[in-house]
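Subject: Structure handover

Dear colleague,

Please find below the structure we spoke about. My notes on what was found in it follow.

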Amino acid sequence: MNHLPEPVRVVQLPDGTYTYADHLPAIQPAAAPQVVHQHIHQAPPDRTVQRIALGSGVGAGAVAAGVYFGPLLVGALTAIAANLALLAFLAAVLSWGVVTVVKSIGGPDGKAAAKNIARTRKRGR
């Protein structure tokens with residue numbers, strides 16, 4: 001049955017002044033740091049062959065072998081094609097040289113032989 005009001009509390013602020021506790025400004029909570037989500041869009045490398053291989057149930061070892069041996073196979077086939085082209089060029093040059101020598105040295109028989117070779121070539125096409 002005490003009808004007296006509660007005693008008012010007095011507090012000292014950081015700047016040294018005194019104030020009543022019920023007059024303090026509402027303390028704002030510190031703002032949480034903002035999280036910035038940065039999305040960098042970059043086209044992935046083309047791995048179509050690997051995706052097809054993995055999608056068909058082939059293991060990672062086969063995919064790695066394809067990645068490793070694929071360029072080696074292309075290099076080997078290119079080297080073979082270059083060698084065959086060089087051999088075809090040499091064959092054409094040598095046959096032209098033989099025909100020219102036979103025509104110039106052989107006299108009438110050489111010219112007839114060159115004509116026979118030319119006719120044979122034309123028929124073969």
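To start with one residue: does Leu73 count as buried or exposed? Leu73 counts as exposed, because its relative accessibility is 52% and the class begins over 50%. Please keep in mind that this is a predicted model, and that every value here is computed from it.

Overall layout

The protein chain has 3 helices and 2 strands. Their order along the sequence is β-β-α-α-α. The chain has 125 residues, of which 4% count as buried. The exposed area of the protein chain is about 11,700 Å², and 66% of that comes from carbon and sulfur atoms.

Helix 2 and the nonpolar patch

Leu73 sits in helix 2, which covers residues 60–105. Leu73 is also part of a nonpolar surface patch of about 1,000 Å². The other members of this patch are Leu77, Ile80, Leu84, Leu86, Leu87, Phe89, Leu90, Val93 and Leu94.

Val102 belongs to helix 2 as well. Val102 has a relative accessible area of 34%; it is therefore classed as partly exposed, since that class lies between 20% and 50%. The C-alpha atom of Val102 is 7.2 Å from that of Ala114, and the two residues are 12 apart along the chain.

Helix 3 and the positive patch

Which residues form the positive surface patch? They are Lys103, Lys111, Lys115, Arg119 and Arg123. Helix 3, residues 107–124, gives the most to this patch, namely 4 residues. Lys115 is located in helix 3. With a relative accessible area of 53%, Lys115 is exposed.

The aromatic pair

How many aromatic pairs does the count come to? The count comes to 1 aromatic pair. The partners are Tyr68 and Phe69, with ring centres 4.9 Å apart and an angle of 85° between the planes. The Tyr68–Phe69 pair is edge-to-face, because planes over 60 degrees apart are put in that class. The two partners fall into separate accessibility classes: Tyr68 is exposed, at 56% relative accessible area, whereas Phe69 is partly exposed, at 48%. The cut-off of 50% is why Phe69, at 48%, is not classed as exposed.

For your notes, the items to look up in the viewer are these:

- the nonpolar surface patch, including Leu73 and Leu94
- the positive surface patch, including Lys103 and Arg123
- the edge-to-face pair of Tyr68 and Phe69
- the C-alpha atoms of Val102 and Ala114, separated by 7.2 Å

Kind regards

Conventions. Residues are numbered from 1 along each chain as its sequence is written. This is a predicted model: local features need pLDDT of at least 70, side-chain atom pairs count only at pLDDT 80 or more; totals for chains, interfaces and linings use all residues. Side-chain values use heavy atoms; hydrogens and water are left out. Rings of Phe, Tyr and Trp (its six-membered ring) pair if their centres lie within 6.5 Å; planes under 30 degrees apart count as stacked, over 60 as edge-to-face and the rest as tilted. Buried means under 20% relative accessible area, exposed over 50%, partly exposed in between (1.4 Å probe, protein chains only). Patches are made of residues with over 30% relative accessible area and no salt bridge: like charges are joined within 9 Å, nonpolar side chains (Val, Leu, Ile, Met, Phe, Trp, Tyr) within 5 Å. Accessible areas come from the Shrake-Rupley method with a 1.4 Å probe; for residues, only the protein chains shown count as cover. A salt bridge is a side-chain nitrogen of Lys or Arg within 4 Å of a carboxyl oxygen of Asp or Glu. Lys and Arg count as positive and Asp and Glu as negative; His and the chain ends are not counted. The place of a charge is taken as NZ of Lys, CZ of Arg, CG of Asp or CD of Glu.
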